[in-house]
Number of protein chains: 2
Amino acid sequence: MAKMIDVARLAGVSVATVSRVLAGSAHVSRETREKVLRAMADLDYKPNLLARNLRKMESKTIVVVIPDISNPFFSDVIRGIQHVAKEHGYHVLLGDTQNDVDAEWDFIEMIKERAADGVILVTARTSPEKIMEMAQEVPLVMACEYIQGAELPMVTIDNVISAKRVVDHLAALGHRRIGFIAGPLHVIISRDRLQGFVLGLREHGLEQDSSLIVEGDFSIPSGYDQAVRLLQLPEPPTAIFASNDEMAIGAVKAVKQMGLKVPQDVAVVGFDDIPMATVIEPALTTICQPKFEIGKKAMEILLQLIQQSNRSHGHLKLPEKLIVRDSCGGRLKG
Amino acid sequence: MAKMIDVARLAGVSVATVSRVLAGSAHVSRETREKVLRAMADLDYKPNLLARNLRKMESKTIVVVIPDISNPFFSDVIRGIQHVAKEHGYHVLLGDTQNDVDAEWDFIEMIKERAADGVILVTARTSPEKIMEMAQEVPLVMACEYIQGAELPMVTIDNVISAKRVVDHLAALGHRRIGFIAGPLHVIISRDRLQGFVLGLREHGLEQDSSLIVEGDFSIPSGYDQAVRLLQLPEPPTAIFASNDEMAIGAVKAVKQMGLKVPQDVAVVGFDDIPMATVIEPALTTICQPKFEIGKKAMEILLQLIQQSNRSHGHLKLPEKLIVRDSCGGRLKG
DNA sequence: CTGTTAGCGCGTTCAG
DNA sequence: CTGAACGCGCTAACAG
C-alpha cells in the first residue's frame, strides 16, 4: 500500500505538495499537480484516512441511534440522513440499540472517543437530563423523538396537531364515538397524540368516554388486543384511531375477526404511513410523517453543529400529511 | 478532553503503563493498576480511538453493503452481523447503495483507505471479476448473494433446493399447472430459483409450459403485472410461485382483483418470509431464509479473515425452512 | 508556488 | 514490573 511519501518521491516533490493536490489547494502549479496526479495513479495511491483523521481530529463519521433496525419506519429517516451525509463526505454508522438503554448510551459516548463527529438520536430511552447534558458537549440532534422544552436541536412533526387532524377527518365523516389506542404513555409522542385526540374530541363536541381510550405498545398484537377491548364495550366505537400503523393493522385484524367490516362497521386510522399500510386490506388511512425530510433536516443541522456555525437551533416541526385510503370509507350513515 | 499523558501524570506513572492497564496487560502490579484506574476515572478519560486506530492500523469497523435499506429483508441480516460485530468490538458502517453500482464500489474501496477493516456484500451488482480480485486483497465476504464458482467466502441458502421444495409442496397439494414469477434473471439467485422450479416440475412429471414462466423485478407492482399475465392465459395456472414475497403480495392482489380467491382458486407462494408475509390476507406460504444466521455467520467468517486465521472458506449454504401458512390452502380438489 | 518540520495520541519496542 | 523514545501517515505552520 503506497503512502504519501512514495507518491512524493515518484513525482519528485515533497509530501506537502502531495497533500496540497489531495486537498485541492489552489497553490499548486498545474504542471506540478499533474505530475503528482500521475504518480498517484501509477502507485494506485489511496490516502490513509486513519492518519488523516488523527491529524484533523475528526472521524468524518456520524452515528444514528435507532431503537430497532427491523422497524420499517426508520429506514426512510436513515435514507434522508445518508443522503446529506454522503454529499458532505460523511459516513453513517448504524447504532441499532435493540431497545437497550445502555447500548444507546454507548453509541453516544463514541463521540467522546472521537469515533464519531456527531450523533442523531432517533430514540431516547436514556434520561432526558443526560441527553441534554451531553448535547452541551457534543454535536447532537434528535429526530422523530424529542424532549419537552429542551434547548437542543430536534426535528419532528407536530404530533398533537397531526392527531387532531385525524379526529377532524373522522368527525367530518360523521363519527361521534371514536376509540383511541394510545402508544406507551411514557413516551412523549404517545402523550402528544393522545392530547391531540382529546383536543379534537373537544373541538367537535364529541363525547369523551375514558373507556374509549386504551394503551398499547406500538406492536401489532397490542393493537389487536386493545381493539378487542374497545369492540367489546357495551357501546362500541364506530371508529378506531391507533397511534401507529402496526397497532392499526392489529386493530383491523380484530375487527375482521369479530365478524365486522372495515370501514363499513368500524373505521380504522393509523399513524406513520409505513409500507405495510398499503398492503393490508383495506389500505390504511394514516398520517404520513415526512421521514426522509426529517432525516435530511436532522443531518443538515448536525453538520452545522459540527462545523460550529452555531445558529440557534430549537424544536423544528415539519409538516405531516393525512393520507386518506380505504380504511375509514365514506360518510357514516345514520 | 483528557489524554493519556494527563492520566499518567496524575497517577505518577508513564504513558506506557497507562497503555498497559488499558490493554488489560498482566504485567502491571495491582497497586499501580488501581492508581491508574482512579486517575482515569477522575479525569473521565476516554482513549482517543483515532490515535489508537492509526497506531494499530485498523479501524475496528466493517462495512455492510446493501442495495436498499428500505427493503425489510435486509434488516435481519444486518442484525445478525451487528450481533457478532458488537461482541468483538467492531462497529458497523451502513453501506446503502440505493442500487447504485458506483456507490457499491466506493464502499468496497473504503477498506483500501483503511476506513474499514472488512466488507460484507449483501448485494453484488459490480462485476464478479472485480469482486473476486478485490477479495484477494482485502477481507470480503458475500451474504445472500454469491458468485458462481468463486473462491471467496459466501453465505447463502441453497436457492435451487429451496425453490424445488416449494414445487414439492405444491405438487403434493395436487397442483399440476404452476405459474412461476422469476426475479430479474441477470441475478444469479433468480436463475437458481427458476432452476429449482424447473427441477421440481420435472421430478413430479408436471408440464413445462414456457408461457407459465414470467419475469418480474422483485417489486410488488411487477408481481401484480406478471400474475395478471399468467391468469389471462387460455389455461391459467392453479398456483403461482413468486420468487420473493413482494411479488407474491402483488400476485395475491391480482388474483383478488380478478374476482378469484386465494387459495381456493389460485394458490400463491412467496420466498424470503418478510414481516409483511404475515400481514397480508391470506398469510403467505413462503420460504424462510435464516437471515439472522446468515448475517452472523458472514460476520464470523469476516472476523477470521481479518485476523488472518486463514481457514479455507468457500460457499457455505445454510438451511432454509418452508413456512406453510394460508395462501396455498389444503389439497386441491378435482 | 514549494519544501521542511513538528506534532495529532497512542501502542510498542527495548532497556533497565 | 516500569519508563523512555520512536513512529503510524498525514496536515498545517512556517520558511524560503
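Buried area is the accessible area, taken with a 1.4 Å probe, that two parts lose on being put together, summed over both. All views show a predicted model.

**View 1. The interface between chain B and chain A.** About 3,900 Å² is buried between the two chains, and carbon and sulfur atoms give 65% of this area. The contact draws 47 residues from chain B and 47 residues from chain A.

**View 2. Polar and charged pairs between chain B and chain A.** The chains are joined by 2 salt bridges. One of them pairs Glu281(A) with Lys256(B), with 2.7 Å between the closest N and O atoms. Polar contact links 10 residue pairs across the two chains, both residues being at pLDDT 80 or more.

**View 3. The side of chain B that touches chain A.** Elements that each supply at least two residues here are helix 4, helix 5 (73-87), strand 2 (91-96), helix 6 (101-109) and helix 11 (245-257) of chain B. Helix 5 of chain B provides the largest share, 6 residues. By class, this side has 21 nonpolar, 10 polar and 16 charged residues.

**View 4. The protein surface near DNA strand C.** Among the 25 residues around the strand, those that come nearest are Arg20(A), Thr32(A), Met4(B), Tyr45(B) and Arg55(B). Of the strand atoms that come within 4 Å of the protein, 61% belong to sugar and phosphate. Helix 4 of chain B gives the most to this surface, with 4 residues.

**View 5. Individual polar contacts with DNA strand C.** A polar backbone atom of Ser14(A) lies 2.9 Å from a phosphate oxygen of the strand. Side-chain N or O atoms also approach base nitrogens, at 3.2 Å for Arg55(A) and at 2.3 Å for Arg55(B).

Conventions:
Residues numbered from 1 in each chain as written. Chains lettered and ligands numbered in written order. Predicted model: local features only at pLDDT ≥ 70, side-chain atom pairs only at ≥ 80, totals over all residues. Heavy atoms only, no water. Near = heavy atom within 4 Å. Polar contact = N/O pair within 3.5 Å; in protein donor to acceptor, adjacent residues only side chain to side chain. Contact = heavy atoms within 4.5 Å. Salt bridge = Lys/Arg side-chain N within 4 Å of Asp/Glu carboxyl O. Nonpolar A, V, L, I, M, F, W, Y, C, P; charged D, E, K, R; others polar.
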